[in-house]
Amino acid sequence: MLSKLPTKKLSADQTLDAVRAHFDQHGTALCRAAGLIAGEAGTARVLRLMSGLREASSDWSRTSAT
């Protein structure tokens, strides 16, 4: 269900790196907790957040390569 976020440093933004590391370590537990609290909608919110984080990581790597 969950794929791992990139762990190598892609960002100059330390906040983004910290959030990425947190979700890498605790993403499954966050999804389960959100599911217990808010059902499928809560799980979906966490997954969207993780997807957005992945997109932010890839957007940054594309803009820094040019």
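## The nonpolar core

A nonpolar core is a set of buried Ala, Val, Leu, Ile, Met, Phe, Trp, Tyr and Cys residues joined through side-chain atoms within 4.5 Å. In this predicted model, the largest one has seven members: Leu16, Phe23, Cys31, Ala34, Val46, Met50 and Leu53. As a general backdrop, nonpolar side chains in soluble globular proteins tend to be buried together.

Which residues does Val46 touch, once those up to four places away in sequence are set aside? Val46 meets Phe23, Leu30, Cys31 and Ala34. Phe23, Cys31 and Ala34 are also on the list of core members.

## The overall picture

Let's step back to the whole protein. How many helices and strands does the protein have? There is one helix, and there are zero strands. That helix, helix 1, covers residues 14-65.

The protein has 66 residues, and 24% of them are buried. Its accessible surface adds up to about 4,700 Å², with carbon and sulfur atoms accounting for 58% of that. Now take the contacts between residues at least 6 apart in sequence: 48% of these link residues at least 24 apart.

## Two threonines

Thr43 sits in helix 1. Is Thr43 buried or exposed? Thr43 counts as buried because its relative accessible area is 17%, and the cut-off for buried is under 20%. Its side chain has a couple of backbone atoms to look at. The Thr43 side chain reaches the backbone oxygen of Cys31 at 3.4 Å, and it also reaches the backbone nitrogen of Gly35 at 3.5 Å. Cys31, you may recall, is one of the core residues.

Thr28 is in helix 1 too. With a relative accessibility of 40%, Thr28 is classed as partly exposed. From C-alpha to C-alpha, Thr28 and Thr43 lie 9.8 Å apart in space, while 15 residues separate them in sequence.

## A salt bridge

A search through the whole structure turns up one salt bridge. Which side chains form it? The partners are Asp17 and Arg20, with 2.9 Å from N to O. In general, side chains of opposite charge can pair when their charged atoms come close.

Asp17 and Arg20 are three residues apart in helix 1, so about one helical turn separates them. Both Asp17 and Arg20 are buried.

## A look at His22

His22 is another residue of helix 1. Its relative accessible area is 39%, so His22 is partly exposed; that label covers the range between the 20% and 50% cut-offs.

What does His22 contact beyond its neighbours within four places in sequence? His22 is in contact with Gly27 and Leu30. Leu30 has come up before, as one of the residues that Val46 touches.

Conventions
Residues numbered from 1 in each chain as written. Predicted model: local features only at pLDDT ≥ 70, side-chain atom pairs only at ≥ 80, totals over all residues. Heavy atoms only, no water. Buried < 20%, exposed > 50% of the residue type's maximum accessible area, 1.4 Å probe, protein only. Contact = heavy atoms within 4.5 Å. Helix = DSSP H or I, 4+ residues; strand = E, 2+ residues; numbered from the N terminus. Polar contact = N/O pair within 3.5 Å; in protein donor to acceptor, adjacent residues only side chain to side chain. Salt bridge = Lys/Arg side-chain N within 4 Å of Asp/Glu carboxyl O. Areas by Shrake-Rupley, 256 points an atom, 1.4 Å probe, with all protein chains shown as cover.
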